[in-house]
Amino acid sequence: MRVLLTGANGYLGRFVADRLLADPAVQLTALGRGDDADVRFDLASGSPGALTRFLDAVHPGVVINCAGATRGGARELTRHNTVAVATVCEALRRSGCGARLVQIGCGAEYGPSQPGSSTAEDAVPRPGGPYGVSKLAATELVLGSGLDAVVLRVFSPAGPGTPAGSPLGRLAEAMRRAMQSGDGELKLGGLGAQRDFVDVRDVARAVHAASLSAAQGVINIGSGRAIRLRDAAAVLARVAGYGGALHELDGPPGPLRAAIGHPRTDPDHAAPVAYPYPDGCGSWQQADVRTARDRLGWRPRINLEESLADIWMEAACRI
């Protein structure tokens, strides 16, 4: 099976590439903007016609799109998350390769959920920020394309390679700085949110399974269990061997609450945070993952403690 992978150098893409390369039945071609891609192509600015010609030459059986942006303004997010997917869909429609499309979506497409609930794929998406909006638009393009396609809505990925700007990445970096300076107190904000964390290696397994399946539509990929960030902080402290006290700064979210990992300041001069929940998902998200189990034969295997241990190992080695 010949697979074309976009975004192979990204956080999720690297693990998807590793998973596919471990399958002797897969012939992998990586397409991306970097010099180390097998083929250099910018989905956000390249033409569908040029991509069609490449697809007709390579003739992949599956196209997996892990490319995209998580940061930036609305224009940048739209270019990399929506326009890029429109290019992929149009190129696949024009091509004679007949490839299956596996699109990586995100839990932010759903927006805030009712605390205590599990979000299933039939929930009405109400994204609370520009990132979720750009990803939802991409999902709608894929679902309306008429292609053999599946969208995996990945909730909160964790594990090795977690970006330093993510909640768990900022948490690990704040703890590393506290241990490095011998600080016996760590004051953190933003710990009240509850998120469904899923290890990035489990995500890669799901992508692999989706590429081999006939499943179409939207499928949630998560652990099926919401974890409060303050509980994740306690587990990380245990994994790291941090014996200091963890002090939570936040009560109800407010514009002057410090974000996770924000340098400690005088409370009267705290830096403002634009949104209490930057992902636009409110205080709670938990995936209903029964569809992934039933249609992909997939279940998460790696628990959060192992994911946090790997995050900490990278943070502790950072100079």
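**Exercise 1. Which residues form the salt bridge between strand β12 and helix α7, and how far apart in sequence are the parts it ties together?**

Solution.
Step 1. In this predicted model, the side chains of Glu248 and Arg230 form a salt bridge, with an N to O distance of 2.6 Å.
Step 2. Glu248 belongs to strand β12 (residues 245–248) and Arg230 to helix α7 (residues 229–240), so the bridge ties together parts that are 18 residues apart in sequence.
Step 3. Apply the burial classes: under 20% relative accessible area is buried, over 50% is exposed, and partly exposed lies in between. Glu248, at 32% relative accessibility, is therefore partly exposed. Arg230 also has 32% and is partly exposed.

**Exercise 2. Find the salt bridge of Asp148 and state where its two residues lie.**

Solution.
Step 1. The partner of Asp148 is Arg100, and their closest N and O atoms are 2.7 Å apart.
Step 2. Asp148 sits in the loop between α4 (130–143) and β6 (149–154), while Arg100 is in strand β5 (residues 100–106); the pair therefore ties together parts that are 48 residues apart in sequence.
Step 3. Asp148 has a relative accessibility of 33% and counts as partly exposed. Arg100 has a relative accessible area of 4% and is buried.

**Exercise 3. Are Glu109 and Arg153, which meet in a salt bridge, buried or exposed?**

Solution.
Step 1. The N to O distance in the salt bridge of Glu109 and Arg153 is 2.8 Å.
Step 2. Glu109 is in the loop between β5 and α4, and Arg153 is in strand β6, so this pair ties together parts that are 44 residues apart in sequence.
Step 3. Glu109 is buried, at 0% relative accessibility. Arg153 is buried as well, with a relative accessible area of 2%.
Step 4. For the wider count, a search of the whole structure gives 15 salt bridges. Glu90, Arg93 and Arg94 are linked in a network of such bridges.

**Exercise 4. Derive the strand order of the open sheet and identify its edge strands.**

Solution.
Step 1. Start at β1. β1 pairs with β2 in the parallel sense over five bridges, and Leu4 stands opposite Thr29 in β2.
Step 2. β1 also pairs with β4, in the parallel sense over four bridges. Here Leu5 stands opposite Ile64 in β4.
Step 3. Continue outward from β2. β2 and β3 pair in the parallel sense over two bridges, with Arg40 in β3 as the bridge partner of Gly32.
Step 4. The complete order of the seven strands is β3-β2-β1-β4-β5-β6-β10, with parallel pairing. β3 and β10 are the edge strands, since each pairs on one side only.
Step 5. Four of the five residues of β1 are buried, so this strand is largely enclosed by the rest of the structure.
Step 6. For the connection, β1, α1 and β2 make a right-handed β-α-β unit.

**Exercise 5. Describe how helices α2 and α4 lie on the sheet strands.**

Solution.
Step 1. α2 touches β1, β2, β3 and β4, and its direction makes about 165° with that of β2.
Step 2. The buried residues of α2 (residues 48–58) are Gly49, Leu51, Thr52, Phe54, Leu55 and Val58. These residues pack against β1, β2 (27–32), β3 (39–40), β4 and α3 (74–94).
Step 3. After α2 comes His59, which has a positive phi, near 55°.
Step 4. α4 lies across β5, β6 and β10 and runs at about 160° to β5.

**Exercise 6. Which residues of the largest nonpolar core touch the most other members, and which elements give two or more residues to this core?**

Solution.
Step 1. The largest nonpolar core has 32 residues, of which Ile64, Leu152 and Ile221 touch the most other members.
Step 2. Two or more residues each come from β1 (2–6), α1 (11–21), β4 (62–65), β5, β6, α6 (200–212), β10 (217–221) and α8 (290–296).
Step 3. Take Ile221 and leave aside its neighbours within four places in sequence: its contacts include Leu152, Val154, Phe155, Val203, Ala292 and Trp298. Arg153, the salt-bridge partner of Glu109, is also in contact with Ile221.
Step 4. A second, separate core has 28 residues, among them Val85, Cys97, Leu147 and Val151.

Methods:
Residues are numbered from 1 along each chain as its sequence is written. This is a predicted model: local features need pLDDT of at least 70, side-chain atom pairs count only at pLDDT 80 or more; totals for chains, interfaces and linings use all residues. Side-chain values use heavy atoms; hydrogens and water are left out. A salt bridge is a side-chain nitrogen of Lys or Arg within 4 Å of a carboxyl oxygen of Asp or Glu. Buried means under 20% relative accessible area, exposed over 50%, partly exposed in between (1.4 Å probe, protein chains only). A nonpolar core is a set of buried Ala, Val, Leu, Ile, Met, Phe, Trp, Tyr and Cys residues joined through side-chain atoms within 4.5 Å. Contact means heavy atoms within 4.5 Å. Two strands pair if DSSP finds at least two bridges between them. A crossover is right-handed if, with the strands pointing away from the viewer, the path from the first strand over the helix to the second runs clockwise. Axes are lines fitted to C-alpha atoms, for helices over the stretch in contact, and angles run from 0 to 180 degrees between N-to-C directions.
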